[in-house]
Amino acid sequence: MTGIEKTAAKRLMNVARGALAALMLAAAGAALWQTPAISAEAAVVIPPPAVDEKPAAGAAKAVFAGGCFWGVQGVFQHVKGVTSAVSGYAGGDKDTAIYETVGTGRTEHAEAVEIIYEPSKVTYGQLLQVYFSVAHNPTQLNYQGPDRGPQYRSTIFAENDAQKKIAESYIAQLDKAKVFPEPIVTTLETGKKFYPAEDYHQDFLTLNPTYPYIVYNDLPKVENLKTLFPDLYSDKPVLVLAGNKS
């Protein structure tokens, strides 16, 4: 079994643990491959951050973790101003930045996405707004949807003090506004390196749009991005390995 087949099998097993997903897989049959399913989690409309960076020339980097990196990467690849979104691992050591090892939940790594963006077109605060409202559920502690373990935690890997301040301020703002039914459990980690994941994980959403896990958990996130953030949405994803084919 290839790496991608093992990964797909693991994701499908996780999906099958949920009653809704199990029902979907048993009853939907062939229709699953033709029509989008209802998302496992709905997007949440939230206000923009009160504290943000100013638009500026050049490029900047953001690293977010929010469950399986397939969906997080897929969302940010469709954000205008993002020039690169790479799936990988952050939080642990280089030697353990391997999918099978990270999957044990004992490496301190989280599945994460490194985003290179242009602050003149999209700000760090706007990326956080997408991250909290569309890309994942920030109220789930050490799990995300069907995936369980600290490797699926909600974490912002701040690149500098400015990003840390913006993220802290935004989390406090959202909690105070009670836009989520439960408190945000997203953590902030600093000084952690990012390590790209194996090639077979890159562009997974775009290259495998009929995988049940992608159909159920991730494609609706891209549709939510398009609906909630039409000015930020780009129909053509910025891909890593697939020659930027849309």
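This passage walks through the fold, cores, buried polar side chains and a few backbone details of a predicted model.

Starting with the overall picture, the chain holds 8 helices and 8 strands. Of its 246 residues, 48% count as buried. Looking at contacts with a separation of 6 or more, 81% of them link residues 24 or more positions apart. As for confidence, the mean pLDDT of the chain comes out at 87, with 81% of residues reaching 70 or more. The stretch to be wary of is residues 14-38, where pLDDT stays under 50. The model still has 30 contacts beyond four places in sequence for that stretch, but where pLDDT is low, the predicted coordinates should not be read in detail.

Next come the nonpolar cores. The largest has 48 residues, and the members touching the most others are Phe64, Phe76, Ile115, Leu127, Leu128 and Phe132. Helix 5 (residues 124-135) supplies the largest share of this core, 8 residues. Phe76 gives a good view of how things are packed there: setting aside neighbours within four places in sequence, its contacts are Phe64, Val82, Ala85, Ile115, Leu127, Val130, Tyr131 and Ala135. There is also a second, separate core of 8 residues, with Ala65, Val86, Ala110 and Phe194 among them. In soluble globular proteins, nonpolar side chains do tend to be buried together.

Not everything tucked away is nonpolar, and two loop residues are worth a look. His136 sits in the loop between helix 5 and strand 4 (143-144). Since its relative accessible area is 5%, under the 20% cut-off, His136 is classed as buried. Its side chain reaches the backbone oxygen of Tyr131 at 2.9 Å. Not counting residues up to four places away in sequence, His136 touches Ala65, Gly66, Tyr131, Gln144, Ser154 and Thr186; of these, Ala65 also belongs to the second core.

Gln202 is the other case, placed in the loop between strand 8 (194-196) and helix 7 (204-207). With 3% relative accessibility, Gln202 is buried too. Here the side chain reaches a backbone oxygen as well, that of Ala197, at 3.3 Å. Beyond four places in sequence, Gln202 touches Gln73, Val86, Ser87, Ala197, Leu207, Val240 and Leu241, and Val86 is another member of the second core.

Helix 8 (residues 212-228) makes for a neat length check. At 1.5 Å a residue, its 17 residues should span 24 Å, and the end C-alpha atoms are 24 Å apart, so the two agree. That said, helix 8 bends by about 40° at Asp218, with a proline, Pro220, following within four residues. Both Asp218 and Pro220 are buried, and other buried residues of helix 8 include Pro212, Tyr213, Ile214, Val215 and Tyr216.

Finally, two residues other than glycine have a positive phi. For Glu108, phi is near 70°; this residue lies in the loop between helix 4 (99-102) and strand 3 (110-117). Its relative accessible area is 58%, so Glu108 counts as exposed. For Lys178, phi is about 55°, and the residue is found in the loop between helix 6 (161-177) and strand 7 (187-190). Lys178 is exposed as well, at 68% relative accessibility.

Definitions and conventions
Residues are numbered from 1 along each chain as its sequence is written. This is a predicted model: local features need pLDDT of at least 70, side-chain atom pairs count only at pLDDT 80 or more; totals for chains, interfaces and linings use all residues. Side-chain values use heavy atoms; hydrogens and water are left out. A nonpolar core is a set of buried Ala, Val, Leu, Ile, Met, Phe, Trp, Tyr and Cys residues joined through side-chain atoms within 4.5 Å. Buried means under 20% relative accessible area, exposed over 50%, partly exposed in between (1.4 Å probe, protein chains only). Contact means heavy atoms within 4.5 Å. pLDDT is the predictor's confidence in each residue, from 0 to 100. A polar contact is a pair of N or O atoms within 3.5 Å; within protein, one must be able to donate a hydrogen and the other to accept it, and residues adjacent in sequence count only if both atoms are side-chain atoms. The expected span of a helix is 1.5 Å times one less than its number of residues. The bend at a residue is the angle between axes fitted to the seven residues ending there and the seven starting there.
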